[in-house]
Amino acid sequence: MYPLLFEPIVLPKVWGSESWVLSAYGDNASVVRNGFLSGNTLPEVMEIYMDELLGGRVYDQYGDTFPLLCKFIHVNDNLSVQVHPDDEAAARQGLSGKTEMWYVHEAEPEAGILLGFNRNTSAEEVRSLLGENRIMDVLRRQAVKRGDAAYIPAGKVHALCKGTHVAEIQQNSDVTYRLYDYNRVGLDGKLRPLHVEEALEVLDYEAEQEPLLHYSCGENEAANLVQDPHFVTNLLRMTHPVERGMGGLDSFVVYMCVAGSVRLDCPDDDCEPVVLQTEDAVLIPAALSGVRLTPISDKAELLETYL
């Protein structure tokens, strides 16, 4: 096995676009673009290599279902105000839950996010405010800049605002309940459907106190951003080569390049070096013992994710 690069899947949206850089979701399966597995989809590679790719612990839990979906999202207009169910609520409908995180890698002057409520509220009040077209009155808006990050557990109301461009790491799910969509039509020219009753059943109605993650990241060190049962995400800011050992994880590792460019080498004999440019992602199979990350631009940043 060797580090796997994939062709991005670009999906146009009414508010901008998404680039799915690592996906095994539905019909949007990532295709390998390097090495002897080039042309194979991620599910096809998983079927052959199983725990060598995913890790024994991860394979025991998820089997042939890849547990993550990794994207770069470019926001030219506000996204809908939405919420995702947790695993338990989603399972009642035969779906998977969705917890996610954002890392802002580009931000225009007006960039911001909506995350949680600005005070405690209730299903009755939210329903009433939606009917009066005043839901914004109770949403917590936070201005953002490059380098900001947010954790969005299932049940948390949220939206990306115009001018905000993020790397997103999430559970392998696309279930979204829209609360409010600015009375906007979709790419088909029709009003996009809302899912108010479904959303009201899963919302967390408590006030959000800290919309952004607080972290400190020194150069050439890993700073933990998210420690969740569904994934762990760290940020690496590099000016010099960094060695990352993976032998004890028993999990695949994903690197998403959010700034600059990086050369990735690994000690295993059959591994060719790969170069990551901004908005590239690479999947490191669990069978590999570690990698050496060398910035090939003045500064480089990677998100590192594993289970």
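Two strands count as paired when DSSP finds at least two bridges between them. With that in hand, hello everyone, and let's look at this predicted model.

I'll start with a pair of strands that satisfies the rule. Strands E20 and E21 run antiparallel to each other, with four bridges between them. One of those contacts to look for on your screen is leucine 264, whose bridge partner in E21 is valine 274. E21 itself spans residues 274-277, and its two faces are not alike: Val274 and Leu276 sit on the covered face, while Val275 and Gln277 are on the uncovered one.

Now stay with leucine 264, please, and turn to its partner in another strand. In E23, leucine 264 is bridged to leucine 293. Strand E20, residues 261-265, pairs with E23 in the antiparallel sense, again over four bridges. What else does E23 pair with? Strand E18, residues 242-245, is joined to E23 by four bridges, and these two run antiparallel as well. Here the residue to pick out is glutamate 243, which has arginine 292 as its bridge partner in E23.

How many of the six residues of E23 are buried? Five of them are, so this strand, residues 290-295, is largely enclosed by the rest of the structure.

That brings me to a residue that touches E23's leucine 293, namely leucine 302. You'll find leucine 302 in strand E24, which covers residues 300-306. Is leucine 302 buried or exposed? Its relative accessibility is 0%, and buried means under 20%, so leucine 302 counts as buried. Setting aside neighbours within four places in sequence, its contacts include Leu235, Leu236, Met238, Tyr255, Met256, Val262 and Leu276. For a sense of scale, leucine 302 and leucine 179 are 123 residues apart in sequence, and their C-alpha atoms are 33 Å apart in space.

Next, the nonpolar cores. In soluble globular proteins, nonpolar side chains tend to be buried together. In this model the largest nonpolar core has 62 residues, and the members touching the most others are Leu4, Phe66, Tyr255, Met256 and Leu283. Which strand gives the most to this core? That is E19, residues 253-259, with six residues. There is also a second, separate core of 24 residues, and Leu114, Val126, Cys161 and Tyr180 are among its members.

Let me zoom in on leucine 283 for a moment. Beyond residues up to four places away in sequence, it touches Tyr2, Pro3, Leu4 and Phe6, and also Leu22, Leu42, Leu53 and Phe66. The rest of that list is Phe252, Val253 and Val254.

On to the pockets. The largest pocket holds about 460 Å³ of space. It is lined by 29 residues, with Lys13, Trp15, Thr176, Arg178 and Arg192 closest to its centre. What is the lining made of? Ten of its residues are nonpolar, eight are polar and eleven are charged. Among the strands that each supply at least two lining residues are E2 (9-13), E7 (68-75) and E14 (164-171).

The second largest pocket has a volume of about 260 Å³. Its lining has 16 residues, and nearest the centre are Ser96, Gly97, Gln171, Asn172 and Ser173. Here the division is six nonpolar, eight polar and two charged.

I mentioned E14, and that is where histidine 165 is located. Histidine 165 is buried, with a relative accessible area of 5%. Leaving out neighbours within four places in sequence, its contacts include His74, Tyr103, His105, Glu106 and Glu108. The C-alpha atoms of histidine 165 and glutamate 18 are 9.8 Å apart, although 147 residues separate the two along the chain.

Last stop: two backbone angles for those of you who like to check them. Methionine 50 is not a glycine, yet its phi is positive, at about 45 degrees. Methionine 50 belongs to the loop between helix H1 (42-49) and helix H2 (51-54), and it is partly exposed at 35% relative accessible area. The other residue is asparagine 133, with a positive phi near 60 degrees. Where does asparagine 133 lie? Its place is in the loop between helix H5 (123-131) and strand E11 (139-143), and asparagine 133 counts as partly exposed too, at 45% relative accessibility.

That's my tour, and thank you all for listening!

Key: Residues numbered from 1 in each chain as written. Predicted model: local features only at pLDDT ≥ 70, side-chain atom pairs only at ≥ 80, totals over all residues. Heavy atoms only, no water. Buried < 20%, exposed > 50% of the residue type's maximum accessible area, 1.4 Å probe, protein only. 1 Å grid on protein atoms, 1.4 Å probe; cavity = no way out; pocket = protein on both sides within 12 Å on 5 of 7 lines; lining within 4 Å. Points joined across faces, edges and corners; volume = space filled by probe spheres on them. Nonpolar A, V, L, I, M, F, W, Y, C, P; charged D, E, K, R; others polar. Core = buried A, V, L, I, M, F, W, Y, C linked by side-chain atoms within 4.5 Å. Contact = heavy atoms within 4.5 Å.
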